[in-house]
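Please open the model in your viewer and keep the selection panel at hand. The stops below say what to select next and what is to be found there.

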Amino acid sequence: GMQRDHAQMHGAIAVDPVEIVARAAAGDAACEATLQRYEARLARALAVVVNILDPDVIVVGGGLSKLDRIYANVPRLWNAHIFSDAVATRLLKNRHGDASGVRGAAWLW
């Protein structure tokens, strides 16, 4: 999705998300804008979860969960979309990397 968004917004050929992150870190404004759109969309989506469930914590998984910047930026952005005056929900990185889902499925079995 990030790859497609970047190509549509910037008229660029498909650029892998890993490359988008690297280019943004090197100062590429178009790649930085793509990451900011991703963070804003993630914040809106997780705000729905907070509004409905009011969880103590949300643990993010998947390849883009490795981006350290989302743990600072997304909670700051989701406040505009949450109905409560105070938000205690924490956004945390998974402990076991990309294998977290597999580990959870194994525990269920």
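Begin with the charged pairs: the model contains 6 salt bridges, where a salt bridge is a side-chain nitrogen of Lys or Arg within 4 Å of a carboxyl oxygen of Asp or Glu. Side chains of opposite charge can pair when their charged atoms come close. Before selecting any of them, note that this is a predicted model, in which local features need pLDDT of at least 70 and side-chain atom pairs count only at pLDDT 80 or more, while totals for chains, interfaces and linings use all residues. Residues are numbered from 1 along each chain as its sequence is written, and side-chain values use heavy atoms, with hydrogens and water left out.

**Arginine 41 and aspartate 5**

Select arginine 41 together with aspartate 5, whose side chains meet in a salt bridge at 3.2 Å, N to O. Arginine 41 belongs to helix α3 and aspartate 5 to helix α1, so that the pair links distant parts of the chain, 36 residues apart; helices (H or I, at least four residues) and strands (E, at least two) are DSSP runs, numbered from the N terminus. Arginine 41 is partly exposed at 41% relative accessibility, whereas aspartate 5 is buried at 10%. Here buried means under 20% relative accessible area, exposed over 50%, and partly exposed in between, with a 1.4 Å probe and protein chains only. Add Arg37 to the selection, and you have a network of salt bridges that links Asp5, Arg37 and Arg41.

**Glutamate 19 and arginine 23**

Move next to glutamate 19, which forms a salt bridge with arginine 23, the closest N and O atoms being 3.0 Å apart. The two residues are separated by about one helical turn, because they are 4 residues apart in helix α2. Glutamate 19 is partly exposed, with a relative accessible area of 35%, and arginine 23 is likewise partly exposed, with 34%.

**Glutamate 39 and arginine 69**

Now select glutamate 39 and arginine 69, a salt bridge in which the closest N and O atoms are 2.5 Å apart. Since glutamate 39 lies in helix α3 and arginine 69 in the loop between β1 and α4, this pair ties together parts that are 30 residues apart in sequence. Is glutamate 39 buried or exposed? At 3% relative accessibility, glutamate 39 counts as buried, while arginine 69 is partly exposed, with a relative accessible area of 24%. If you display the surroundings of glutamate 39, leaving aside its neighbours within four places in sequence, you will find it in contact with Arg69, Ile70, Asn73, Val74 and Leu77, contact meaning heavy atoms within 4.5 Å.

**Helix α3 as a whole**

Widen the selection to residues 29-53, which make up helix α3: this helix has 25 residues and reaches 36 Å from its first C-alpha to its last, close to the 36 Å expected at 1.5 Å a residue, the expected span being 1.5 Å times one less than the number of residues. At its N-terminal end, aspartate 28 acts as a cap, with a side-chain oxygen 2.9 Å from the backbone nitrogen of alanine 30. Just after the helix, look at aspartate 54, which takes a positive phi of about 50°.

The buried residues of α3 include Cys31, Thr34, Leu35, Leu42, Ala43, Leu46, Ala47 and Val50. What covers the buried residues of this helix includes α1, α2, β1 (57-60), α4 (70-78) and β2 (90-93).

**Histidine 6 and alanine 12**

Go back to helix α1 and select histidine 6, which counts as buried at 3% relative accessibility. Not counting residues up to four places away in sequence, histidine 6 touches Gly11, Ala12, Val15, Ile20, Ala30, Cys31, Thr34 and Arg37.

From there, step to alanine 12, which is found in the loop between α1 (2-10) and α2 (17-25) and is partly exposed, with a relative accessible area of 29%. With residues up to four places away in sequence again left out, alanine 12 touches His6 and Ala7.

**Leucine 53**

For the last stop, select leucine 53 in helix α3. Which class does leucine 53 fall into, buried or exposed? Leucine 53 is exposed, with a relative accessible area of 61%.

Methods. A polar contact is a pair of N or O atoms within 3.5 Å; within protein, one must be able to donate a hydrogen and the other to accept it, and residues adjacent in sequence count only if both atoms are side-chain atoms.
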